[in-house]
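Here's a quick tour of two spots in this model. Have the viewer open as you read along.

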Amino acid sequence: MIKPIVVSLCTFLLFACTGNKKQEAKETDNKKSEAKAMLQGVWIDDDTDTPLLYVKGDTIYYTDPQTSPVYFDIRKDTLYLHSQTLASYRIDRQTEFSFWFHTDEDNAVKLHKSENPSDTLAFPKKNVEVIPVYTSVTKKDSVVMHKGTRYRAYVHINPSKMKVVRTTHSDEGISIDNVYYDNVMHICVYEGRKCLYDSNITKQMFAEVLPDDLLSKSILMDMNFIKVDDKGFHYQAAVSLPGSTVSNMVNLLVSWNWKLTITAG
């Protein structure tokens, strides 16, 4: 008689434990839903009294048309922004009309909900504007001599539609994603009207000399012809974080047998 009682007791405890977990999960989901519901609408910066965020559904929109909207989530007392890199901010206060949180730089952001429907006009209605570094093809022409022969070394910088997302921070310290267009370089060498070499160059060709993480956030910013010598035609490319003056240089050599070699700068 004892064994069935023990089994029954264990079964009861198992169901009770499972029921408690389901109840806790349900309560957590309800709190997340309530927190997300309270966040809907336009939020005004307490310090500047200007619109800062527009929350609609699971998405936060910004006033800057070049900043990509971001999916968000609230868990317990933390706001998570699922941008290119996950960012989390400690929530200090959340009510129906106030929302306070701390950013990565420990800045206190204090917001209040707008009661003016026209404040939504501060936020762009269309897709995010992509930032082009070049708006048209840029051409560079170098005339050089080597062992009595005249050559022309060309560089064409071609804007592309390949997008690069770079995460930066707003003045308030909030993580934001800006979207840029990458470029494709075209290099070629001519002797008179005869084309000796031509090739398109993309940043993906530099994967063996630059880290993948750096390449994914950077754009192929510039390309210059450097010199010609017994080894061949020397070019140098600049791979840069958009919006930054920091560049990583990559050397390109077009040899006299018309082979391309890429090395770190």
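## Strand pairing, C-terminal stretch

Two strands count as paired here if DSSP finds at least two bridges between them. With that in hand, take β16 and β17 (residues 260–264): they run antiparallel to each other, with five bridges. Keep in mind that this is a predicted model.

One pair to click on is Asn251 and its bridge partner in β17, Thr263. The two strands make a hairpin with four residues between them, and Trp258, sitting in that turn, has a positive phi of about 65°.

## The other hairpin

β16 (residues 247–255) also pairs with β15 (residues 232–240), again in the antiparallel sense, over nine bridges. For a reference point in this pairing, look at Phe233, which sits opposite Val254 of β16.

β15 and β16 form a hairpin too, this one with six residues between the strands. Its turn holds Gly243, whose phi is positive at about 80°.

## A lysine in a loop

Now over to Lys203, in the loop that links β13 (194–201) with α2 (212–217). Is Lys203 buried or exposed? Its relative accessibility is 6%, and the cut-off for buried is under 20%, so Lys203 counts as buried.

What does the side chain of Lys203 have for polar company? One of its polar atoms lies 2.6 Å from the backbone oxygen of Ser218. Leaving aside residues up to four places away in sequence, Lys203 touches Val164, Asp182, Leu215, Ser216, Ser218 and Leu220. Ser218 therefore turns up both as a contact and as the residue supplying that backbone oxygen.

How values were computed
Residues numbered from 1 in each chain as written. Predicted model: local features only at pLDDT ≥ 70, side-chain atom pairs only at ≥ 80, totals over all residues. Heavy atoms only, no water. Buried < 20%, exposed > 50% of the residue type's maximum accessible area, 1.4 Å probe, protein only. Polar contact = N/O pair within 3.5 Å; in protein donor to acceptor, adjacent residues only side chain to side chain. Contact = heavy atoms within 4.5 Å.
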